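Biologist: Before I rely on the labels attached to this chain, I would like to see each value set beside its cut-off.

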Amino acid sequence: MPELINKTQSNLNIKNIKLLIKQYKSPFWVYDANIIYNKIQLLRQFDIIRFAQKACSNIHILNLMKKNNLKVDAVSLGEIERAIISGFQKNSNDIIFTADLFDIETLSKIVKYNIPVNIGSLDMLKQLGEISPGHNIWLRINPKFGYGHSKKTNTGGENSKHGIWEPKFAIPIIKKYKLKLIGLHMHIGSGVNYNHLKKVCHSMVENAIQINEKIDFISAGGGLPIPYKFNEKPIDIKKYFNLWDEARKKISNFLKKPITLEIEPGRFLVAESGILISQARAIKKVGNKNFVLIDAGFNDLMRPTMYGSYHHISVINNNKQSNKLIDTVVGGPLCESGDIFTQKEGGDIKTRKLPNIEIGDYLIFHDTGAYGASMSSNYNTRPLIPEILIENNIFKIIRRRQTIQELLNLEKITKY
């Protein structure tokens with residue numbers, strides 16, 4: 001068996017994984033709190049670190065962020081309530097709601113809780129202004145270009161639904177309802193290309209000058225990448241900060257007032273902290289291909305099917321060690337042809353060189369702390385799987401396994 005590879009020194013080692021396998025039935029998620037702490041420290045030069053909780057929204061992870069003085073971004077009413085129960089405060093800058101639309105219930109709660117809104121459409125300005133004049137708002141600006149590791153993660157340009165295309169049209173609405181514009185936000189997608197980043201920073205400066213309102217904040221958005229593959233280099237945080245700090249200084253000089261620089265990471269803080277532990281349950285030959293089928297499906301880990309995303313896979317063999325590597329396709333249990341973990345974007349099946357795997361062996365998917373559990377579903381009526389946090393050398397269940405009965409109970413309608 002090749003050595004279980006960890007790109008970051010952590011508690012996610014063979015010894016702990018074997019202990020977890022003995023204690024808990026697969027599949028399940030595991031997070032290492034120490035990795036999250038270390039990633040937070042890398043961003044301390046920013047004035048505010050605001051965690052994009054959609055990446056990993058477990059309330060125990062949110063509470064960990066709160067204890068480390070982070071703020072939080074919410075993109076739904078559910079995420080607002082998660083943030084509040086985790087210790088983030090209403091009537092403050094702790095929580096910002098980011099969206100391109102309001103539903104009626106969410107709008108009502110935002111006004112009740114007095115939560116600042118990162119506005120993504122002109123209609124939102126009108127709807128908020130009509131019932132909450134004077135509300136604190138940000139403008140999320142579409143810079144008219146985008147960038148992402150996948151077309152589905154590109155959040156700028158004319159093919160993106162996100163942000164306001166012509167922010168100059170927002171100003172009359174803001175003034176009409178006496179909304180208080182406190183910040184500008186710009187995010188073009190996941191993954192960093194420094195040439196694109198320079199363009200984003202330049203666009204932020206241009207828009208701040210054109211809008212010419214006495215804002216207090218600018219946000220660099222999120223999208224900071226992590227090295228999913230071993231030949232990928234980590235992002236240069238200092239270079240990233242310096243580009244945004246230069247933009248902040250230009251805006252500050254123009255407006256003749258201090259500007260607070262926020263960053264809104266999700267993946268960067270949590271991806272490398274997490275693994276998915278699964279077990280091989282069937283081995284089969286299909287033509288010339290060797291398929292290993294495991295007890296986790298794309299209802300658990302969606303990224304490979306949705307984006308063609310790569311996750312390193314390690315193998316823990318129960319009965320033997322083998323140095324021989326075999327071209328292997330790894331699939332899940334779902335009644336769905338797309339339930340394959342070794343595929344490219346577009347669905348082309350890829351093989352992965354893995355040791356000879358037998359039924360009962362364990363496959364470990366690395367770097368699944370972001371958009372792993374938070375994107376899980378109940379497809380094929382499969383219950384959500386447990387989440388376990390390792391903190392201070394203690395294993396703690398932070399979400400128990402959902403039961404089938406709990407799923408069925410939602411559909412038991414009481415007759416009136």
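The exchange below takes up helix packing, aromatic pairs, accessibility and backbone geometry in turn.

Modeller: This is a predicted model, in which local features need pLDDT of at least 70 and side-chain atom pairs count only at pLDDT 80 or more, while totals for chains, interfaces and linings use all residues. Residues are numbered from 1 along each chain as its sequence is written, and side-chain values use heavy atoms, with hydrogens and water left out.

Biologist: Why is α2 called oblique to α3?

Modeller: The axes of helix α2 (residues 33–42) and helix α3 (residues 59–67) come within 11 Å and cross at roughly 40°. Helices here are DSSP runs of H or I with at least four residues, strands are runs of E with at least two, and both are numbered from the N terminus. The axes are lines fitted to C-alpha atoms, for helices over the stretch in contact, with angles running from 0 to 180 degrees between N-to-C directions. Angles under 35 degrees count as roughly parallel, over 145 as roughly antiparallel, 65 to 115 as roughly perpendicular and the rest as oblique, and the crossing angle therefore makes α2 oblique to α3.

Biologist: Which residues in α2 and α3 meet, and what is the class make-up of the contact?

Modeller: Ala33, Ile36, Tyr37 and Ile40 in α2 meet Ile61, Leu64 and Met65 in α3, where contact means heavy atoms within 4.5 Å. By class, the contact of α2 with α3 has 7 nonpolar, no polar and no charged residues, given that Ala, Val, Leu, Ile, Met, Phe, Trp, Tyr, Cys and Pro count as nonpolar, Asp, Glu, Lys and Arg as charged, and the others, Gly among them, as polar.

Biologist: What makes α8 roughly parallel to α9?

Modeller: Helix α8 (residues 194–211) and α9 pack at an angle of about 15°, with their axes 9 Å apart, and that angle makes α8 roughly parallel to α9. From α8 the contact includes Tyr194, Leu197 and Lys198, and from α9 it includes Lys239, Tyr240 and Trp244. By class, the contact of α8 with α9 has 14 nonpolar, no polar and 3 charged residues.

Biologist: Why is the pair of Phe46 and Phe241 called edge-to-face?

Modeller: The structure holds 7 aromatic pairs, and in this one the ring centres of Phe46 and Phe241 are 5.1 Å apart with the planes at 85°, so the pair is edge-to-face. The rings of Phe, Tyr and Trp (its six-membered ring) pair if their centres lie within 6.5 Å, and planes under 30 degrees apart count as stacked, over 60 as edge-to-face and the rest as tilted. Phe46 lies in the loop between α2 and β2 (48–52) and Phe241 in helix α9 (residues 237–255), so the pair ties together parts that are 195 residues apart in sequence. Ring pairs also link Phe46, Tyr240 and Phe241 into a cluster.

Biologist: How do you know whether Phe46 is buried or exposed?

Modeller: Phe46 has 3% relative accessibility and counts as buried, since buried means under 20% relative accessible area, exposed over 50% and partly exposed in between (1.4 Å probe, protein chains only). Phe241, with a relative accessible area of 10%, is buried as well.

Biologist: What makes the pair of Phe97 and Phe102 stacked?

Modeller: The rings of Phe97 and Phe102 lie 6.1 Å centre to centre with 15° between the planes, and the pair is stacked. Both Phe97 and Phe102 are buried.

Biologist: Why is Gly347 called partly exposed?

Modeller: Gly347 has a relative accessible area of 34%, and it is therefore partly exposed. Gly347 lies in the loop between β13 (325–331) and β14 (352–355).

Biologist: What is noteworthy about phi in Asn69 and Lys256?

Modeller: Most residues other than glycine have a negative phi, and most peptide bonds are trans. Asn69, in the loop between α3 and β3 (71–74), has a positive phi of about 65° although it is not a glycine, and at 65% relative accessibility Asn69 counts as exposed. Phi of Lys256 is near 55°, again a positive value in a residue other than glycine, and Lys256 is exposed, with a relative accessible area of 72%.

Biologist: Which residues does a cis peptide bond join?

Modeller: A cis peptide bond joins Ser26 and Pro27, with omega about -5°, and Pro27 is found in the loop between α1 (14–23) and β1 (28–32).
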